[in-house]
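The following exercises are to be worked with the sequence and the structure at hand. Each task is followed by a solution in steps.

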Amino acid sequence: MMKKKRLSASKASLVLFLCQMISALDVPLDSKLLEELSQPPTITQQSPKDYIVDPRENIVIQCEAKGKPPPSFSWTRNGTHFDIDKDAQVTMKPNSGTLVINIMNGGKAEAYEGIYQCTARNERGAAISNNIVIRPSRSPLWTKEKLEPHQVREGDSLVLHCRPPVGLPPPIIFWMDNAFQRLPQSERVSQGLNGDLYFSNVQPEDTREDYICYARFNHTQTIQQKQPISVKVFSMDSLNDTIAANLSDTDIYGAKPVTEKQPILLTPTGSTSTKVELRGSVLLLECIAAGLPTPGIHWIKEGGELPANRTFFENFKKTLKIIDVSEADSGNYKCIARNILGSAYHVISVTVKAAPYWITAPRNLVLSPGEDGTLICRANGNPKPNISWLANGVPIAIAPEDPSRKVDGDTIIFSHVQERSSAVYQCNASNEYGYLLANAFVNVLAEPPRILTPANKLYQVIADSPALLDCAYFGSPKPEIEWFKGVKGSILRGNEYVFHDNGTLEIPVAQKDSTGTYTCVARNELGKIQNEVQLEVKDPTMIIKQPEYKVIQRYGQVSFECIIKHDSTLLATVTWLKDNDELPDDERFLVGKDNLTIMNVTDKDDGTYTCIVNTTLDSVSASAVLTVVARPNPPFDLELTGQLERSVELSWIPGDENNSPITSFVIEYEDGLHEPGVWHYQTEVPGTQTTVQLKLSPYVNYSFRVIAVNEIGRSQPSEPSEQYLTKSANPDENPSNVQGIGSEPDNLVITWEPLKGFQSNGPGLQYKVSWRQKDVDDEWTSVIVANVSKYIVSGTPTFVPYEIKVQALNDLGYAPEPSEVIGHSGEDLPMVAPGNVQVHVINSTLAKVHWDPVPLKTVRGHLQGYKVYYWKVQSLSRRSRRHVEKKILTFRGNKTFGMLPGLEPYSSYKLNVRVVNGKGEGPASPDKVFKTPEGVPSSPSFLKITNPTLDSLTLEWGSPTHPNGVLTSYVLKFQPINNTHELGPLVEIRIPANESSLILKNLNYSTRYKFYFNAQTSVGSGSQITEEAVTIMDEAMASRQVDIATQGWFIGLMCAVALLILILLIVCFIRRNKGGKYPVKEKEDAHADPEIQPMKEDDGTFGEYRLFSFVSSAPF
């Protein structure tokens, strides 16, 4: 089954056909079709029903219509034919029905007053215009009248009547003076709707002779002026003066003072009135009251509320204005005038009537022969309007009969129409307040199908979106529409397609395989026609890397990415927006191919950034938020409240947190009395807190400031708070770090950490210093000092304990009693040396010393420890003296022994011990002599190998620098090294200690030897020294080598070998850099101590080692 569905409102633009029953007033056909199709007349423009014209200008009565063929025009005037050919002053515009009445060339507008109606007619029917009432505007002069001056007593009410001449349209009224300045109006003085000037009560300043009412007639652009009105107000003071001047002193007559008056209504009069207003117009109700003081006006609707959004008050609330009134606004409206003496009210009963208004206006019908249709004309009003029909401008009752037509009240029913049924019908809805007239034609057409969509029109859509292929058509009767894919494809059916009544084919979800040629076929009983369109389905545009949420610090740099993918046949453009608006015109914004970069970010860059990708077919977007963070702005509006002697409450308003929540507030204070300009930390509170109770010290001139802290950092300090000077008080605390230490044997130096300025708690800060000897029944000795932190007590015994205390005081009194500390008078050098000094030699380099402690009384100070002085007297092996270098070891505390490390073996030493206190060292104990035993010697000072021969080498050496005992012998070990750097058998020779050279014989010629040489004492062997040497070749071999070396072939061979070796060396170097074993290391290992024999390796490095050794040891 073929599925049909009507287009939604968003697709209404696709409807380009005349459908079966109802069409719009303007036939929606293209220009070519309009030239071919017949259409009854339609009035397109006409003058207003009530047409007031300027009598000095030409009268233009508009009447424009369209139709096919073009209509002709005629006019009636006051119900009879208006023959414009007989009036030379009247012409009709070409191809138009608009009349032009020439008034400027002698015609009079009054002669053309009347009711005009235009008829537009062609072969398909006749349309008529509204009845257009032509009236010339009038601005008559003011009637002459004699105006008497108004003399009014102060406080009375007054009405100055305007009574303007009756004009057409009514004039606009305003009051001015002789200088053409508008008279000021107020609650007391105001102009009514009728133009009169109302005074609720007059005042002396109202006296003047130029109250002038003006009437402005807009159509004629003239202003008429009434004669000036004079007003004189008699004040009570002037009236009493006049009476007093004319009466004797004994008379008691006099004018009463101005009396207050309760409100009375000047307009409208009485307690009730009625008003009729038409629906849709503006309702104006007015109440103006007299009274003293000036009454205020209040409006209510009885039994209801004044309509919201449509109610306005004007003229100082004296006028109630309701716009666009409806029947629901009918009812009783009460105005209440009130002052302090009472009130007055008036009730206006409002009835809202309604001229006719459309419910359903008749609409044009385009029908095919044999079809049915209806014209509906429904209107409402109050009273309900009467509906009447006309056909081609003639009442339908006397119009030519049409068997297909039947009138049923507000509806005309057409059945089985024929081409002769074409006509224009008029519906007239009227009541006593007006009428409505509407034209609607019935156009019966017989036309073969036409397709209005251009041939081969190309449609491009995005995959997975709907595709709408147009087939706008026209035909009468209405054609049937069929769709085919491809030129010879089968008819399209099934749920994957939607066929709309206007001929459009919809593919709800177009795919890539939907691409192709589609054919639309329209047919009715009069013919058939087809049209082809092309469909291309494109890949959708996608953002494959969307911008992401960013948090950036102020003055930083940020980038948003927007990487896209789109159909290669479409051109994509990327646009960046900030907060749905264009990017700022700022060079800091850099738009790249796939990104947006913002340099030097500021607070105003905060917002949502959107990347929009547009092609001709689709649009995609992605957004990300940029949050610019920074250190908070400083707090402000610091306020001190609840000031007490020791506390105050500080409050503040946080500054902007700059998108990073405030975590804490730091409160600092300044003491303007003691340390002006220096800010100190007071406390810190959480970031959610904006008040804090601060503890205060006496006698401080406080100022506070607040610093906000967030994750980015600290804000600038706030402006300082007001200053707050706390009252003075006794000091709360005493000086800290009190000490008593003598600087001389006969004094005691008492020191302390003085109080800071804000700790003084008042003026006149001083210190009471007290002391007495401990464990002696003495009284305290005290002294009061100021501006110091030290006091020296003289004449004290040497190093005795004292009890000490330091108390703060100021002009208001003392601080709490201080705690006592123990100090000592000055120290002197110790009196005695340690006794019973003993030395125990542990080995050749270490000894232990013991001593007896000295009596504490003889220390005469704080025992700090003992010092051991020791020095080498001589070496027992050399018996030679040298410069004595004393060494000192200090042993802290009451220690009575210590170790002496680093001694030289086989040496004689002396030492003494001294006790140490804070003053210095005491006398030395008697020198104690001790000796260290022998040790192993150091290595020989040198080893030289000279005089190489074919089979011998001469060795020379020097004795050890430090024999560390008596040398017993030297030990020589040697072994040969072959060309592969392998070590041969080891030979050992022991040499007497008194020898210094040796000749080794019976050695192999041209052989390298390695020698190991060390000295020995009775304790053992010392460290060894090594050397290498080579015996020379025999003379015959040397001769042969010389002969060979002179041969050319040998020289060439050696050059080739050298080149090969160079290449191999390069290879070895490369392998070493890649982690290969370093051959020289093997050589070093091979030449190590003979007690540790080298091991051959199988990792392939041995050959490299041999080659390297061969090169380095080969003779040239």
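**Exercise 1. Strand pairing**

Determine the sense in which strand 25 and strand 28 pair, and over how many bridges.

Solution. In this predicted model, strand 25 covers residues 296-301 and strand 28 covers residues 331-339. The two pair in the antiparallel sense, over six bridges. One residue pair serves to locate the register: W299 has C335 of strand 28 as its bridge partner.

Next, turn to strand 29, residues 342-360. Strand 28 and strand 29 also run antiparallel, and nine bridges join them. Here I336 stands opposite Y345 of strand 29. Finally, inspect the connection: two residues lie between strand 28 and strand 29, which together form a hairpin.

**Exercise 2. The nonpolar cores**

Identify the residues with the most contacts inside the largest nonpolar core, and state which strand gives the largest share of this core.

Solution. The largest nonpolar core has 30 residues, and those with the most contacts inside it are I59, I61, W75, I101, Y116 and I134. Among the elements that give two or more residues to this core are strand 4 (59-61), strand 6 (72-77), strand 9 (99-101), strand 10 (114-122) and strand 12 (132-136). Strand 10 supplies the largest share, three residues.

Then examine the surroundings of I101. Apart from neighbours within four places in sequence, I101 is in contact with N58, I59, I61, Q89, V90, Y112 and Y116. A second core, separate from the one above, has 22 residues, including I507, Y518, V533 and V537.

**Exercise 3. Salt bridges**

For the salt bridges K545 to E561, E803 to R772 and D828 to R860, give the N to O distance and place the partners in the chain.

Solution. A search of the whole structure yields 36 salt bridges. Side chains of opposite charge can pair when their charged atoms come close.

1. K545 and E561 meet at 2.6 Å, N to O. K545 belongs to strand 48 (residues 542-545) and E561 to strand 50 (residues 558-561), so the salt bridge ties together parts 16 residues apart in sequence. K545 is partly exposed, at 29% relative accessible area, and E561 is likewise partly exposed, at 35%.

2. In the salt bridge of E803 with R772, the closest N and O atoms are 2.6 Å apart. E803 is in strand 70 (residues 801-810) and R772 in strand 67 (residues 766-773); the pair links distant parts of the chain, 31 residues apart. E803 is buried, since its relative accessible area of 15% falls under the 20% cut-off. R772, at 24%, is partly exposed.

3. For D828 and R860, the closest N and O atoms are 3.6 Å apart. D828 lies in the loop between strand 72 (821-824) and strand 73 (835-843), and R860 in the loop between helix 3 (856-859) and strand 75 (865-875), so parts 32 residues apart in sequence are tied together. D828 is partly exposed at 22% relative accessibility, as is R860 at 28%.

As a last step, note a network: salt bridges with shared partners join R153, D156 and K261.

**Exercise 4. Confidence**

State the mean pLDDT of the protein chain, and examine residues 248-255 and residues 1036-1043.

Solution. The mean pLDDT of the protein chain is 87, and 89% of its residues reach 70 or more. Over residues 248-255 the pLDDT stays under 50, and the model has seven contacts beyond four places in sequence for this stretch. Residues 1036-1043 also have pLDDT below 50, with three contacts beyond near neighbours in sequence. Where pLDDT is low, the predicted coordinates should not be read in detail.

Terms used
Residues are numbered from 1 along each chain as its sequence is written. This is a predicted model: local features need pLDDT of at least 70, side-chain atom pairs count only at pLDDT 80 or more; totals for chains, interfaces and linings use all residues. Side-chain values use heavy atoms; hydrogens and water are left out. A nonpolar core is a set of buried Ala, Val, Leu, Ile, Met, Phe, Trp, Tyr and Cys residues joined through side-chain atoms within 4.5 Å. Buried means under 20% relative accessible area, exposed over 50%, partly exposed in between (1.4 Å probe, protein chains only). Helices (H or I, at least four residues) and strands (E, at least two) are DSSP runs, numbered from the N terminus. Contact means heavy atoms within 4.5 Å. pLDDT is the predictor's confidence in each residue, from 0 to 100. Two strands pair if DSSP finds at least two bridges between them. A salt bridge is a side-chain nitrogen of Lys or Arg within 4 Å of a carboxyl oxygen of Asp or Glu.
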